[in-house]
Amino acid sequence: MRPVRFNINAKTANIAEAIGAPPPGFGGEGFFATKMSDVVGLARKNSLWPLPFATSCCGIEFMATMASHYDLSRFGAERVGFSPRQCDLLMVMGTISKKMGPVLRQVYLQMAEPRWVIAVGACASSGGIFDTYSVLQGIDQVIPVDVYVPGCPPRPEAIIDGFMRIQDLVGQESVRRRNGDQYKALLNSYGIE
Ligand code: SF4
């Protein structure tokens, strides 16, 4: 078989540390005490349910990311859902036209808290090469975005890297954040009550 190098600058990933490390705390004979936020974060970050909002070519890269070679389910994201009410990670992939903006926003609003958003690729992040009258110049004009993945299209490695950045955010997020004034102010800046 022809050897294939997928990444000429391969990095060694510390998967055990990224996924399986227990939160910091105090342990002893038969007990372990830690913060509630850390336990909830550990559970949430390893059981994200993505909603793929794919409108064009970046969606094809996402298909490759989900397929057996890259296998996003290794990160606990096996269950891709198409109902916003069941998902907590909105992955926006592709060119979003201005007509599609309100639809995207509606999907975001139908997701329950806590919810996170990744803009995958140049089009979702900034409009990409389509600097035209009809294309939204970045989805952060209509909804808040947590992680941007660069590329046109981004390779599956880049999508996985963006997913792992989301996992970092999710794992470190306080359970009180969504009730805080700062988060409410962020939503208010988008006209969301
Ligand atoms: S960023 Fe590039 S690959 Fe992705 S949807 Fe836009 S044009 Fe297609």
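Two strands count as paired here if DSSP finds at least two bridges between them. With that in hand, here's a quick tour of this predicted model. We'll start with an open sheet of 4 strands, then look at the helices packed on that sheet, and finish with what surrounds the ligand.

**The sheet**
- The strands line up in the order 3-4-5-6, and their pairing is parallel.
- Out at the edges sit strand 3 (50-54) and strand 6 (147-149), each with pairing on one side only.
- On average, neighbouring strands in this sheet are turned by 20 degrees against each other, ignoring direction.
- Strand 5 (residues 116-120) and strand 6 run parallel and are joined by 3 bridges.
- Which residue of strand 6 is the bridge partner of I118? That's V147.

**Helices on the sheet**
- Helix 3 (residues 58-66) packs on the sheet and touches strand 3, strand 4 (89-93) and strand 5. The direction of helix 3 makes about 145 degrees with that of strand 3.
- Helix 6 (residues 156-172) packs on the sheet too, touching strand 4, strand 5 and strand 6. For helix 6, the angle with the direction of strand 5 is about 160 degrees.

**Around the ligand**
- The residues surrounding the ligand are S56, C57, C58, G94, T95, G121, A122, C123, G128, C152 and P153.
- Helix 5 (residues 121-126) supplies the largest share of that shell, with 3 residues.
- Sorted by class, the shell has 6 nonpolar and 5 polar residues, and no charged ones.

Notes. Residues numbered from 1 in each chain as written. Predicted model: local features only at pLDDT ≥ 70, side-chain atom pairs only at ≥ 80, totals over all residues. Helix = DSSP H or I, 4+ residues; strand = E, 2+ residues; numbered from the N terminus. Axes fitted to C-alpha atoms, helices over the stretch in contact; angles between N-to-C directions. Contact = placed C-beta atoms within 7 Å. Near = placed C-beta within 6 Å. Nonpolar A, V, L, I, M, F, W, Y, C, P; charged D, E, K, R; others polar.
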